[in-house]
Amino acid sequence: MRKLVLMMSVSLDGYIEGPNREIDWHLVDDELHTHFNDVLRGMGVFLEGRVTYELMDAYWPTADRDPGTPRPVADFAEIWRNKPKLVYSRTLRHGDRHTTIVRDIVVKDIEALKAQDGGDLVVGGAELAAQFMRHGLVDEYRVYVHPVLLGAGKRLFPAADTATPTGLRLVETRTFGNGVVLLRHEHRHQESPSADPSADPSA
């Protein structure tokens with residue numbers, strides 16, 4: 001079964017963008033960009049909200065036309081152009097030839113997508129990611145922590161509707177040469193509490 005993966009860059013204090021939507025603090029050098037390309041090339045579908053899609057669509061379709069474009073940038077332009085995309089929007093009317101516009105998140109439709117063969121599903125955009133998290137649909141978190149403190153802005157993880165903890169399992173860490181650290185977690189299925197009091201160190 002395919003996974004739904006949240007993949008996002010974040011400041012050390014938990015923000016994905018500054019108070020005026022700044023993302024110029026992202027430290028994306030050739031090493032990190034090549035890593036992103038390697039991960040995203042294997043994904044099956046990009047899931048995006050309207051804002052994220054329009055920002056991407058304004059640049060990436062032609063980003064590799066300049067012969068002087070850095071190789072990692074040109075590589076991602078081809079990846080993004082050719083990757084199937086589901087764009088969740090109630091106002092967007094048109095997308096490129098690999099784009100399907102979806103009006104609402106329907107849990108059973110996402111579960112059906114997960115059941116198909118192919119690469120994993122990757123979600124981009126904070127608002128859309130928050131909705132997927134709210135529905136319990138995110139299976140893996142790939143959080144890239146950049147060595148910067150923003151102090152204000154939009155947080156990756158908004159206040160939850162409930163205080164129910166979500167158990168995660170750390171499956172990978174990686175430190176890049178520019179100081180960015182990947183923290184990769186998967187959902188940890190909660191086990192039934194043991195009936196043996198000795199198994200609980202607080203008992």
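Here are four short exercises on the structure above, each with a worked solution.

This is a predicted model, so local features need pLDDT of at least 70 and side-chain atom pairs count only at pLDDT 80 or more, while totals for chains, interfaces and linings use all residues. Residues are numbered from 1 along each chain as its sequence is written, and side-chain values use heavy atoms, with hydrogens and water left out.

**Exercise 1. Find the order of the strands in the open sheet, and then its edge strands.**

Step 1: Get the terms straight. Strands (E, at least two residues) and helices (H or I, at least four) are DSSP runs, numbered from the N terminus. Two strands pair if DSSP finds at least two bridges between them.

Step 2: Read across the sheet. Its eight strands come in the order E5-E4-E3-E6-E1-E7-E10-E9, and the pairing is mixed.

Step 3: Look at the ends. Strand E5 (99–102) and strand E9 (168–175) are the edges, as each pairs on one side only.

Step 4: Zoom in on E4 (residues 85–88). E4 pairs with E5 in the parallel sense over four bridges, with Tyr 88 opposite Val 102. E3 and E4 also run parallel, joined by four bridges, and here Phe 46 has Lys 85 as its bridge partner.

**Exercise 2. Work out whether the two faces of E4 are covered or open.**

Step 1: Take the cut-offs: buried is under 20% relative accessible area, exposed is over 50%, and partly exposed is in between (1.4 Å probe, protein chains only).

Step 2: Check each side. Lys 85 and Val 87 are buried on one face, and Leu 86 and Tyr 88 are buried on the other, so both faces are covered.

Step 3: Hop over to Thr 99, which sits in strand E5. Thr 99 counts as buried because its relative accessibility is 14%. Leaving aside neighbours within four places in sequence, Thr 99 is in contact (heavy atoms within 4.5 Å) with Tyr 53, Lys 85 and Val 87.

**Exercise 3. Test the length of helix H3 (residues 71–82), then list its buried residues.**

Step 1: Use the rule that the expected span is 1.5 Å times one less than the number of residues.

Step 2: Apply it. The twelve residues of H3 should span 16 Å, and the end C-alpha atoms are 17 Å apart, which agrees.

Step 3: List the buried residues: Pro 72, Val 73, Ala 74, Phe 76, Ala 77, Ile 79 and Trp 80.

Step 4: Ask what covers them. The cover includes helix H1 (30–41), E3, H2 and E4.

**Exercise 4. Find where the partners sit in three of the salt bridges.**

Step 1: Know the rule. A salt bridge is a side-chain nitrogen of Lys or Arg within 4 Å of a carboxyl oxygen of Asp or Glu. The whole structure has 17 of them.

Step 2: Start inside a helix. Glu 54 bridges to Arg 50, with the closest N and O atoms 2.9 Å apart. Both lie in helix H2, four residues apart, about one turn of the helix.

Step 3: Go from loop to helix. Asp 64 and Arg 81 meet at 3.0 Å, N to O. Asp 64 is in the loop between H2 and H3 and Arg 81 is in H3, so the pair ties together parts 17 residues apart in sequence.

Step 4: Finish with two loops. Arg 90 and Asp 104 meet at 2.3 Å, N to O. Arg 90 lies between E4 and E5, and Asp 104 between E5 and helix H4 (107–115), so this pair ties together parts 14 residues apart in sequence. Arg 90 is exposed at 62% relative accessibility, while Asp 104 is partly exposed at 34%.
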